[in-house]
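Q: Please take a close look at one part of this model and then follow its links to the rest of the chain. How is that part placed, and what lies around it?

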Amino acid sequence: MARQNWANRTTFILAAVGSAVGLGNAWRFPGLIAQHGGGAFLIAYLLAMLVMGIPLLMMEIAIGRRMRTGAPGCLRGMNRKLEPIGWASTTNAFFIVSYYAVVFAWVILMAVVSFRFAGMTGAPDAADQASGLFTEMIKMGDITDFDTISTPVFLALIAAWFLIYACIRNGAQSVSKVVKYTVFLPIICLLLLAVRGFTMDGAMEGIAKLFIPDVSAFADAGLWIDAIGQVFYSLSVMMAIMFAYGSYLDRSSNVAADVMIIAFSDMAVSVLAGIVMFTTMYGCGMEGSFTPSGVSTAFFVYPVAIVNFTSLGWLNAVFGFLFYFCLCTLAIDSAFSIVEGISTGVADKFRLDHRKTTLTICLVAGVVSLVFITSAGLNWLDILDNWINQFNLIIIGICECIAVGWCFNTRKVLEEVNLNTKKFRVPAFWFLGTVRFVAPVLLTGFLGWNLYHLFVENKGNYGGYPLYALVVAGWAVTVLVLISGFLIRPLINYLKKYKGYVEPDQTWDSADLLGDRQEEELLH
């Protein structure tokens, strides 16, 4: 059967932009700007995007297009010994979507109850009511409080998983229909919020802080570390997503040009979110409340700003709904793209029905996500999120760069990137230099920084959580992710020996012929 293709170039770009533009753009990015000298962080972020982010995004999409399969198959096709790296990114993505869906559910719930902001406006304790709304709804408790689940959050989680599955039940076909709306809706919401922000007293001071760089901030190593990290996380690389999305591209696509559009669209939305946050926070006199913690910003800090937007309660409720609806539309694209990356990798590898595989993944991940909606859930989510971002993704990134840069002829990947390019061709020094040297060195330094921060500065503790929690939700998950490919191999051997399973075994060269045949089938 012929492999699905994106309906057109615009659809692919919108899908990739939707995956890249997520909650981190709206709530973490502005906090990092405030922390690191305003415009100085923007400059560092742009440099990190050019030096590392764009080449890595090109690499994954180009490999996916060539191999026409998910992450495990892509890495195996380049070198059989590299397949475990593809499984590591796929398994890691499974853990990510298990808790990301819960965050999506929280955002849905906040949008639903945004009418409550109307009754808080003008109250003596409005700030306390607003900042406590989230805690009240999720019934936040101690790390051992697993016996309580908030019914509203449970219902919102069901809605979140239903929406995720509905968007990707037919793979590229259903995603193509959804992204035409979900990518533009958050931009419209952000523009509306920005208009309100510009009308507030103090807005111009906020804009100045956003765009005028504090030159002294460039000397801070933390600025560059956070800029590299934000680029790395924001573009959805090393999460099996872009291999899958690339695998639905036809051979006539222009990867080099498309990636430039995707990357700078991602940055543009981040800056727009920064404008919204800075004008609002300065307009409400809350310029000292910025935090790089997304959860704190969205659920504790910004509600206080909402009830101070205007003196009209109903209007504040409207702006509150706009903000959380915006976060909903940002979250859903990222959430279903993660599931699509997992589903494509598993279905392609084991020759399974894509729709049934997607449903199974949603159900299994949905069961896992129940842990995070208990009263203890936010604590466990915080630990898992920290380990995945600070260790797992970075280690996978290092391994992937070494695999493509040193265990394969990287110039073949560059040729794939430049296939169909006309005016703009990616220079060899840029692409090869990044994949072989710059990215692995920067990521290794990033990993070393995080390990130093954890073990030297914090004495091996994170967040004041008990050691057993750090082991279970942190180190154990990291080990499981990294060895997942080796654990899957015995299952594959069993299926081959007793069930007649034939393992897909295309190589880089044979995949080109496969792609040509599939294109002919689609045309006829």
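A: A residue is called buried when its relative accessible area is under 20%, exposed when that value is over 50%, and partly exposed in between. The model is a predicted one. The part chosen here is helix α5, and other places in the chain are then treated in turn.

Helix α5 covers residues 83-112. The helix has 30 residues and spans 43 Å from its first C-alpha to its last, which is close to the 44 Å expected at 1.5 Å a residue. Most of α5 is covered, with 29 of the 30 residues buried.

One partner of α5 is helix α7, made of residues 126-138. The two helices pack at an angle of about 120°, and their axes are 11 Å apart. Their crossing is right-handed. On the α5 side the contact is made by Trp106, Leu109 and Met110, and on the α7 side by Leu133, Phe134, Met137 and Ile138. Sorted by class, this contact holds seven nonpolar residues, no polar ones and no charged ones. An α-helix has 3.6 residues a turn, so residues three or four places apart point the same way. In α5, Trp106 is followed by Leu109 and Met110 in the list of contacts with α7.

Trp106 also appears in a wider setting. The largest nonpolar core has 198 residues, and those that touch the most other members are Ile63, Trp106, Phe299, Leu327, Phe336 and Phe431. Helix α5 supplies the largest share of this core, 21 residues.

Two residues elsewhere in the chain lead back to the stretch covered by α5. The first to consider is serine 334, which lies in helix α16, residues 313-350. Serine 334 has a relative accessible area of 6%, so it counts as buried. Leaving out residues up to four places away in sequence, serine 334 touches Tyr100, along with Gly18, Ser19, Val21 and Gly22. The residue number of Tyr100 falls within the 83-112 range of α5.

The other is aspartate 385, in helix α18, residues 377-406. Aspartate 385 and tyrosine 99 are 286 residues apart in sequence, yet their C-alpha atoms are 8.0 Å apart in space. Aspartate 385 has a relative accessibility of 28%, so it is partly exposed. That value is neither under 20% nor over 50%, the two limits used for buried and exposed.

Back in the core, phenylalanine 336 is another of the residues that touch the most other members. With residues up to four places away in sequence not counted, phenylalanine 336 touches Ile164, Cys167, Ile168, Val175, Val178, Val179 and Tyr245. Phe431, also one of these core residues, is among the contacts of valine 417. Valine 417 sits in helix α19, residues 410-417, and is buried because its relative accessible area is 0%. Apart from neighbours within four places in sequence, valine 417 is also in contact with Met58, Ala62, Val255, Ala256 and Val426.

Isoleucine 262, in helix α14, residues 255-283, is buried too, because its relative accessibility is 0%. Its contacts, again leaving aside neighbours within four places, are Phe12, Ile13, Ala16, Val17, Leu57 and Ile61. Isoleucine 262 and leucine 235 are 27 residues apart in sequence, and their C-alpha atoms are 8.6 Å apart.

Two loops can be set side by side. Alanine 240 is in the loop between α12 (221-234) and α13 (241-247), and lysine 459 is in the loop between α20 (428-457) and α21 (467-498). Phi is positive at each residue, although neither is glycine: near 70° for alanine 240 and near 55° for lysine 459. Their surroundings are described by opposite words. Alanine 240 is buried because its relative accessibility is 0%, whereas lysine 459 is exposed because its relative accessible area is 69%.

Helix α21 also holds leucine 495. Leucine 495 touches Phe350, Gly500 and Tyr501, not counting residues up to four places away in sequence. Phenylalanine 350 and leucine 495 are 145 residues apart along the chain, with 9.4 Å between their C-alpha atoms.

To return to the starting point, α5 is mostly covered, packs against α7, and gives the largest share of residues to the largest nonpolar core.

Conventions
Residues are numbered from 1 along each chain as its sequence is written. This is a predicted model: local features need pLDDT of at least 70, side-chain atom pairs count only at pLDDT 80 or more; totals for chains, interfaces and linings use all residues. Side-chain values use heavy atoms; hydrogens and water are left out. Axes are lines fitted to C-alpha atoms, for helices over the stretch in contact, and angles run from 0 to 180 degrees between N-to-C directions. Helices (H or I, at least four residues) and strands (E, at least two) are DSSP runs, numbered from the N terminus. A crossing is left-handed if the near helix is turned anticlockwise from the far one by less than a right angle, and right-handed if clockwise. Contact means heavy atoms within 4.5 Å. Ala, Val, Leu, Ile, Met, Phe, Trp, Tyr, Cys and Pro count as nonpolar, Asp, Glu, Lys and Arg as charged, and the others, Gly among them, as polar. A nonpolar core is a set of buried Ala, Val, Leu, Ile, Met, Phe, Trp, Tyr and Cys residues joined through side-chain atoms within 4.5 Å. Buried means under 20% relative accessible area, exposed over 50%, partly exposed in between (1.4 Å probe, protein chains only). The expected span of a helix is 1.5 Å times one less than its number of residues.
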